[in-house]
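Colleague: Please pick one part of this model and take me through it closely. Start from the residue you would centre the view on, and then work outward to its surroundings.

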Amino acid sequence: ALAPLQRRQMQELRESRWDDDVTALMRQIQHECDLTADCPELKSVSPLRDAVVHFFRDLLDLHASPSRFLSRHNTGRLKEVHRAIAFFACAVLLGDIALFGSSRWDEKSWTDLVTGVLSGIPVWLALSMLLAVSLWLSWWLVGARAHFRKVLTNSLYQTGFLALLILFAFSIFITGVGVSKPTFVQDALALALDTPGAQRTERLLASFDDLGGPAPFVGLVLASLLLLDAVIWGMRAWGAHRVVLQKRRWHSAAALLVMFVMLGMSIAFPAWVGIVA
């Protein structure tokens, strides 16, 4: 009967953030024991407002320890899904603003800017849903059924965080390239659209020869470091699924393998059909 107790040791109480951590612990106990809140700290708070107000704090906590953060903010409640959606939207919007802000604003109309910034949300949301469904199905196939709401919450936080890192990496690279050649992005897009597929890669690589100065190199190095951080964080974040879903390590390893196989097939089959056609 005491076996579940070993998985309830993830609530950290830090002196530097004592009030916030104790409040989080009280909320967790309230949820686990179905208690009625009598103190102001436990009164119902809008999850959307909470996610927006504490976005940057959540961003730092999620980067520092994804397992600890998700175990604290993902217990399967619907409010936590709403909070994850708000975090996801803020992260993608911030990344899109950085990406579109890396080129010249005076060359774009307000309509183009708003459309460009908002257009990233459906794309990343579709990727997040694909990841959530793949995760849920992979856990189910290895015999470790998981609550889809928990899997979806994890996927929204992780996809939003990775989207922010990736978009910031591209924005830094484009900024560095733009210092050397302001029209590089527009020229590269036009070249990609007008060049046949067999010559496209060669001509795109040749276009980098026109760049000069240290700015493109610095931008490339910083962007590479951010992408490397995204890869390392993604590997660390996988352990958060096992912690939140309270599964064993071999379940986690088997689910990861099954998920990669399913994602690989979902990408390889349409590519094979396109080649055959």
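**The loop residue and its surroundings**

Modeller: Lys247 sits in the loop between α10 and α11. Helices (H or I, at least four residues) and strands (E, at least two) are DSSP runs, numbered from the N terminus. The model is a predicted one, in which local features need pLDDT of at least 70 and side-chain atom pairs count only at pLDDT 80 or more, while totals for chains, interfaces and linings use all residues. Residues are numbered from 1 along each chain as its sequence is written, and side-chain values use heavy atoms, with hydrogens and water left out.

Lys247 counts as buried because its relative accessible area is 17%; the cut-offs are under 20% for buried and over 50% for exposed, with partly exposed in between (1.4 Å probe, protein chains only). Its C-alpha is 7.1 Å from that of Ala144, although the two are 103 residues apart in sequence.

Lys247 and Ala144 are both touched by Trp139, where contact means heavy atoms within 4.5 Å. Leaving aside residues up to four places away in sequence, Trp139 also touches Arg145, Ala146, Trp238, His241, Arg242, Leu245, His251, Ser252 and Ala255.

Trp139 leads on to the core. The largest nonpolar core has 37 residues, and Trp139 is listed with Leu62, Leu70 and Tyr157 as having the most contacts inside it. Such a core is a set of buried Ala, Val, Leu, Ile, Met, Phe, Trp, Tyr and Cys residues joined through side-chain atoms within 4.5 Å. At least two residues of this core come from each of α3 (55-64), α4 (66-73), α5 (78-101), α6 (110-141), α7 (148-180), α10 (215-245) and α11 (249-276). The biggest share, 9 residues, is given by α7.

Further along the chain, helix α6 also holds Ser134. Ser134 is buried, with a relative accessible area of 8%. Not counting residues up to four places away in sequence, Ser134 touches Met259, Met262 and Leu263. Phe260, in helix α11, lies 8.9 Å from Ser134, C-alpha to C-alpha, with their positions 126 residues apart in sequence. Unlike the buried Ser134, Phe260 is exposed, with a relative accessible area of 53%.

Now for the packing around α3. Two packed helices are described by the angle between their axes and the distance between the axes. Axes are lines fitted to C-alpha atoms, for helices over the stretch in contact, and angles run from 0 to 180 degrees between N-to-C directions. The axes of α3 and α10 are 10 Å apart, at an angle of about 75°. This makes α3 roughly perpendicular to α10; angles under 35 degrees count as roughly parallel, over 145 as roughly antiparallel, 65 to 115 as roughly perpendicular and the rest as oblique. Leu62, His63 and Ala64 of α3 meet Asp229, Trp233 and Arg236 of α10. By class, that contact has 3 nonpolar, 1 polar and 2 charged residues. Ala, Val, Leu, Ile, Met, Phe, Trp, Tyr, Cys and Pro count as nonpolar, Asp, Glu, Lys and Arg as charged, and the others, Gly among them, as polar.

With α5, the axis of α3 comes within 11 Å and crosses at roughly 90°, so α3 is roughly perpendicular to α5 as well. On the α3 side the contact is made by Phe55, Phe56, Asp58, Leu59 and Leu62, and on the α5 side by Arg83, Phe87, Cys90, Ala91 and Leu94. This contact has 8 nonpolar, no polar and 2 charged residues. Leu62 takes part in the contact with α10 and in the contact with α5.

As for the whole protein, there are 11 helices and 0 strands. Of its 277 residues, 36% are buried. Among contacts with a separation of 6 or more, 75% join residues 24 or more positions apart.
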